[in-house]
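Visitor: I would like to go through this structure with you, asking about its rings, its cysteines and its pockets in turn.

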Amino acid sequence: MTLGYVALVLHAHLPFVRHPDREDYLEERWLFEAITECYLPLLETLEKLEADRIPFRLTLSFSPTLMAMLDDPLLRDRYEQHLEAAVELAEREVRLTEGWVEHNVARYYQHLMGWLHHLYVHRCGRDILTAFRRLEQAGYVELITCAATHGFLPLLQHQPELVRAQIHVAADEFRRRFGHSPRGFWLPECGYYPGVDRYLKEVGVQYCFVESHGLFHARPAAPYGTLCHGWTPGGVAVFGRDQLSSKQVWSAKEGYPGDPAYRDFYRDIGWDRDPEHLGRLAGPQGIRTFTGFKYHRVTGPTDYKELYDRWAAEQTAIRHAAHFVHERSRQIAVARGMLPGAPPPLLVAPYDAELFGHWWHEGPYWIEQVARHAAGQAAVRFISPGEYLDRFPDGQGVLEPVYSSWGYQGYAEFWCDGSNHWMYRHIHGTGRQMIQLARKYRNPPPAVRRALNQAAREVLLAQASDWPFILRADTATGYARRRFQSHIGRFSRIRETLEAGRLPDPEWLAQVEQADNLFPHLDYAIYA
């Protein structure tokens, strides 16, 4: 007898990074690393479960910017070249480490990179999105989406046209790629504010997610907390993040990824080998960077790191998977006893997809083992939120979640503090000007329409939550600042030229369209 359910939700997102003017752009490697370490291993994991007929359901959110990059012919070519370079480096590593203690790990990478190349080029024909769509049709994945450029919606709410554009463009892109509307929607950074549900409802979204305190402090109070969905006044189901299951995986100190047996993320041969040996995986212009080849395990909170043992890591992942399923069954049993008459509990466990494989190398294998352990017992079943709604539609009635996010301190501090607050006067200023342009040009000639559509792309790209996040995290701050300023500058040049009664320089506009080529069917009138 099934006592309750778990929804494992992964949010796959990267900012739009595409630089056709340069062959080897460092930030494009964000995409290449994510494909190699996360998206392809997740694809392989689900295909294994399907082949073995293991019942399982995963919910996967693809952001529109990530979908645009995965579909882009230029980036597909560059990623294939990157993967070929990884295969070549793996071969050199095997020869170099002959007779070394690292040799077995080098052989592991040789096999891994060869298999990933085969999976990407031959098994899925370089088309990752279609491969996941097939798994959705097979019942293993429920695909959902996110805001167009991952704008943090609570900080845009005073200009409803900006929120509507982020949501409508995202839904249009999802339908274009997957052939149906998204049932679910990942609010960027789980950023909810009262009223955002009306725009989700407009595009047919049935559910979204909030941080746990978004439901705990809902009005009226949610009688079942995060153990069941509630319905917003606008008619969208909201699921709250389960704190216990999230902490067990996500916590840096208490979560599984910190186990000493797992591969260490930071120790990489990109800092150890000669650039000539690294070949095309050496950083551009002499910049040292990650290659993905890491020979050591976490070991402990020390600079000393012991050699990675893949077999020991897999055994640890098996134990952790069994523990995760066992703890969820205990949690559900307690909840059932406390809430008689309530719908069967649903524990929503949402994570950034890139945790699984990129930050936690064994993460995809852990998911596979979770599915296998869950299939061997009856108390807990993995389900998608959409399937749960189909089975138990009533939930806990109508309620309004409070303004919340899963960021630091639970609200908007990470995306608007002393390091990045200056960005919002430009975000809101260009938003206001875009609305004015859309209302002024109701039926423009094709050349003007083309310029307005590109202006709308630049406005959306400037709103990405990634740029203030990077500034706040103090990582690639120079790149984030340049990208933000470039989108603001491109929009301003288009607007000023049109307002002066002229058209933008066609050569310049073509270059901008080539660089920022996402959302090919975008209609600027969404801002009117």
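The questions and answers below take up aromatic contacts, charges over rings, cysteines and pockets.

Visitor: Before we look at single contacts, how many aromatic pairs are counted here?

Guide: Please keep in mind that this is a predicted model. Two rings are paired if their centres lie within 6.5 Å, and by this rule the count of aromatic pairs comes to 38.

Visitor: Taking Trp271 and Phe290 as one of them, how many residues apart in sequence are the parts that the pair ties together?

Guide: The rings of Trp271 and Phe290 are 4.7 Å apart centre to centre, with 70° between the planes, and form an edge-to-face pair. Trp271 belongs to the loop between helix 9 (243–250) and helix 10 (275–278), whereas Phe290 belongs to the loop between helix 10 and helix 11 (310–338), so the parts tied together are apart in sequence by 19 residues.

Visitor: Is Phe290 buried, partly exposed or exposed?

Guide: Its partner Trp271 has a relative accessible area of 43% and is partly exposed. Buried would require a value under 20%, and because Phe290 has a relative accessibility of 21%, the class of Phe290 is partly exposed.

Visitor: Turning to Trp422 and Phe484, what kind of aromatic pair do they form?

Guide: The centres of the Trp422 and Phe484 rings lie 5.6 Å apart, and the angle between their planes is 85°. Since planes over 60 degrees apart fall in this class, the pair formed by Trp422 and Phe484 is edge-to-face.

Visitor: Where does Phe484 lie, and what is its relative accessible area?

Guide: The pair links distant parts of the chain, 62 residues apart, with Trp422 in the loop between helix 13 (385–391) and helix 14 (423–440) and Phe484 in helix 17 (residues 477–499). Trp422 counts as buried at 14% relative accessibility, and Phe484 is also buried, with a relative accessible area of 1%.

Visitor: Which residue has its charged end over the ring of Phe265?

Guide: A charge of this kind is found over the face of Tyr295, where Arg273 lies at 5.8 Å from the ring centre. For Phe265, the charged end sits 4.6 Å from the ring centre and belongs to Lys294.

Visitor: How many disulfides are counted, given cysteines such as Cys124 and Cys416?

Guide: A disulfide needs two cysteine sulfur atoms within 2.5 Å. The sulfur of Cys124, a residue that is buried at 13% relative accessibility, has its closest cysteine sulfur in Cys38 at 14 Å, which is too far for a bond. Cys416, partly exposed at 34% relative accessibility, has the sulfur of Cys190 as its nearest, 19 Å away; the count of disulfides comes to 0.

Visitor: How many charged residues are in the lining of the largest pocket?

Guide: The largest pocket has a volume of about 2000 Å³, and Asp352, Glu354, His358, Trp359 and Phe469 are the residues nearest its centre among the 46 that line it. Helix 1 (29–51) and helix 16 (466–473) each contribute at least two lining residues. By class, the lining has 24 nonpolar and 11 polar residues, and the number of charged residues is 11.

Visitor: Which element gives the largest share of the lining of the second largest pocket?

Guide: The second largest pocket has a volume of about 480 Å³ and is lined by 29 residues, with Pro41, Glu44, Tyr108, Leu112 and Arg310 nearest its centre. Helix 1, helix 3 (73–96), helix 4 (103–123), helix 11 and helix 12 (363–375) are the elements giving two or more residues. The largest share, 8 residues, comes from helix 1.

Key. Residues numbered from 1 in each chain as written. Predicted model: local features only at pLDDT ≥ 70, side-chain atom pairs only at ≥ 80, totals over all residues. Heavy atoms only, no water. Phe/Tyr/Trp six-rings, centres within 6.5 Å; stacked < 30°, edge-to-face > 60°. Helix = DSSP H or I, 4+ residues; strand = E, 2+ residues; numbered from the N terminus. Buried < 20%, exposed > 50% of the residue type's maximum accessible area, 1.4 Å probe, protein only. Lys NZ or Arg CZ within 6 Å of the ring centre and 35° of its normal. 1 Å grid on protein atoms, 1.4 Å probe; cavity = no way out; pocket = protein on both sides within 12 Å on 5 of 7 lines; lining within 4 Å. Points joined across faces, edges and corners; volume = space filled by probe spheres on them. Nonpolar A, V, L, I, M, F, W, Y, C, P; charged D, E, K, R; others polar.
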